[in-house]
Amino acid sequence: MSEPVFRFSGHESFSCRYAWLPKAVEALQANPLLFSDTDEAMVQLGLGKNMVQSLRFWVQAMRVAESGEGNSLQLTEFGTQVFGKKGLDPYMEDASTLWLLHWQLCSHSENPLFAWHFLFNRYNEPEIVRSVVLEAIERESQKMARPLAKATLAQHFDVFMHTYVPTRGAKNEILEDNLDCPLVELGLIEKLGEKRNRHDKNETIYGFNREPKPDLSIGVFLYAVYDYWRRYKPDEETLSLTELTVGLGSPGQVFKLPEDDIRSRLNLISEWGEDYSFKESAMFDQLQRVDDAYESKELIEFAYEGEAANV
């Protein structure tokens, strides 16, 4: 796999808001060239110029749409299957949709969003403190061919946090939902408290929720396993429990699942049929792919049908 080219911008400092994706899908179905005319898009979507550009970015980052002929945006198979007129969840009312969008956002191999790649896969500190993370991100940036300005890195990190943490006002009250990204509902990042930094200022401490995720359906988990396998280990017949838990871009890393939860899910998948077999031993636990007849479309359908089959 070639070295990724990271993205730090394009979101125009906005996280994706609640009503944006359904609105964008409806508009693109009527006019795939909508985003090529910013003024028309502003009228049709009821958004300002920067928000229109941000929405164009998010529908592609979440793999709901992709570049088509000319300046058009065409709905992907995933976008149509989930958000289309006869889609599985056109109004984003199902938790599985949010987990799938999170996976789509984190699973770019060639052009990943840097903060998502770095923080979900490579940042191992128990706490997420803005000043500390920005220093770590800046160090990583220095290794790149073209180091980025501190302001760009800070804005990128702030958009990442606003994607998963509720917006709060001056008195720390949670503001109206429509200002938040729907992925806030996943509870992946939690507020842990506050502490004084080296500049003698209070900073909020956050941390990843690394507990089992009961609202993450076994169907979404299986889709993520399949997608991870297809992209990182396409020629391998087995994946180890360790790879699925802490491997770069793995379901364990992206969903922040503990090893025991992943083991339980793999055992359940193994019990369901003959497509996958999970073997446990004193030395090595691994998932074997017996039959690779699945397609992404079928697995996404199962992600909704399998809601009740949580571990």
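**Entry 1. Tyr 223**

I take a residue as buried when its relative accessible area is under 20%. The model I am reading is a predicted one, and I began with Tyr 223, which lies in helix H9. With a relative accessible area of 5%, Tyr 223 is therefore buried. I then looked up what surrounds Tyr 223. Leaving aside residues up to four places away in sequence, Tyr 223 touches Leu 100, Trp 103, Gln 104, Ser 296, Leu 299 and Ile 300. I also noted Pro 251, which is 28 residues from Tyr 223 along the chain, with 9.5 Å between the two C-alpha atoms.

**Entry 2. The nonpolar core**

I asked which residues of the largest nonpolar core touch the most other members. They are Trp 58, Trp 116, Phe 160 and Tyr 164, in a core of 93 residues. Helix H9, residues 218-232, gives the most to this core, with 10 residues. I recorded a general point beside this: in soluble globular proteins, nonpolar side chains tend to be buried together.

I followed Trp 58 further. Not counting residues up to four places away in sequence, Trp 58 touches His 11, Phe 14, Ser 15, Cys 16, Trp 20, Leu 105, Leu 113, Trp 116, Val 159 and Thr 163.

**Entry 3. Helix H1**

Trp 20 led me to helix H1, which spans residues 20-30. I found Trp 20, Leu 21, Pro 22, Ala 24, Val 25, Ala 27 and Leu 28 buried there. Against which elements do the buried residues of H1 pack? I listed helix H2 (38-45), helix H3 (49-61), strand S1 (65-67), strand S2 (73-75), helix H4 (77-83) and helix H5 (95-106).

**Entry 4. H6, H7 and H8**

I next examined three helices pair by pair. Two packed helices are described by the angle between their axes and the distance between the axes.

I took H6 and H8 to begin with. Their axes are 9 Å apart and the packing angle is about 65°, which makes H6 roughly perpendicular to H8. H6 passes H8 in a right-handed crossing. On the H6 side I noted Phe 114, Ala 115, Trp 116, Leu 119 and Phe 120, and on the H8 side His 156, Phe 157, Val 159, Phe 160, Thr 163 and Tyr 164. I counted these by class as 9 nonpolar, 2 polar and no charged residues.

I turned to helix H6 (residues 114-121) with H7. Their axes come within 12 Å and cross at roughly 110°, so H6 is roughly perpendicular to H7. The crossing of H6 and H7 is right-handed. Phe 114, Phe 118 and Leu 119 of H6 meet Val 133, Ala 136, Ile 137 and Glu 140 of H7. By class, the contact of H6 with H7 has 6 nonpolar, no polar and 1 charged residues.

I ended with helix H7 (residues 130-142) and helix H8 (residues 150-164), whose axes come within 10 Å and cross at roughly 125°. That angle makes H7 oblique to H8. The crossing of H7 and H8 is right-handed. H7 contributes Arg 130, Val 133, Leu 134, Ile 137, Glu 138 and Ser 141, while H8 contributes Lys 150, Leu 153, Ala 154, Phe 157 and Asp 158. I recorded 6 nonpolar, 1 polar and 4 charged residues in the contact of H7 with H8.

**Entry 5. Strand S4**

I located Leu 192 in strand S4, residues 189-196. Outside the residues up to four places away in sequence, Leu 192 touches Pro 126, Ile 205, Tyr 206 and Gly 207. I noted that Leu 192 and Phe 208 are 16 residues apart in sequence, with their C-alpha atoms 9.7 Å apart in space.

**Entry 6. Positive phi in two loops**

I looked up Arg 63 in the loop between H3 and S1. Arg 63 is not a glycine, although its phi is positive, at about 60°. I looked up Lys 256 in the loop between helix H11 (251-255) and helix H12 (259-272). Lys 256 is likewise not a glycine, and its phi is positive, at about 55°.

Is Lys 256 buried or exposed? At 3% relative accessibility, Lys 256 counts as buried. Arg 63 counts as partly exposed, because its relative accessibility is 22%.

How values were computed: Residues numbered from 1 in each chain as written. Predicted model: local features only at pLDDT ≥ 70, side-chain atom pairs only at ≥ 80, totals over all residues. Heavy atoms only, no water. Axes fitted to C-alpha atoms, helices over the stretch in contact; angles between N-to-C directions. Helix = DSSP H or I, 4+ residues; strand = E, 2+ residues; numbered from the N terminus. Parallel < 35°, antiparallel > 145°, perpendicular 65-115°, else oblique. Left-handed = near helix turned anticlockwise from the far one by under 90°. Contact = heavy atoms within 4.5 Å. Nonpolar A, V, L, I, M, F, W, Y, C, P; charged D, E, K, R; others polar. Core = buried A, V, L, I, M, F, W, Y, C linked by side-chain atoms within 4.5 Å. Buried < 20%, exposed > 50% of the residue type's maximum accessible area, 1.4 Å probe, protein only.
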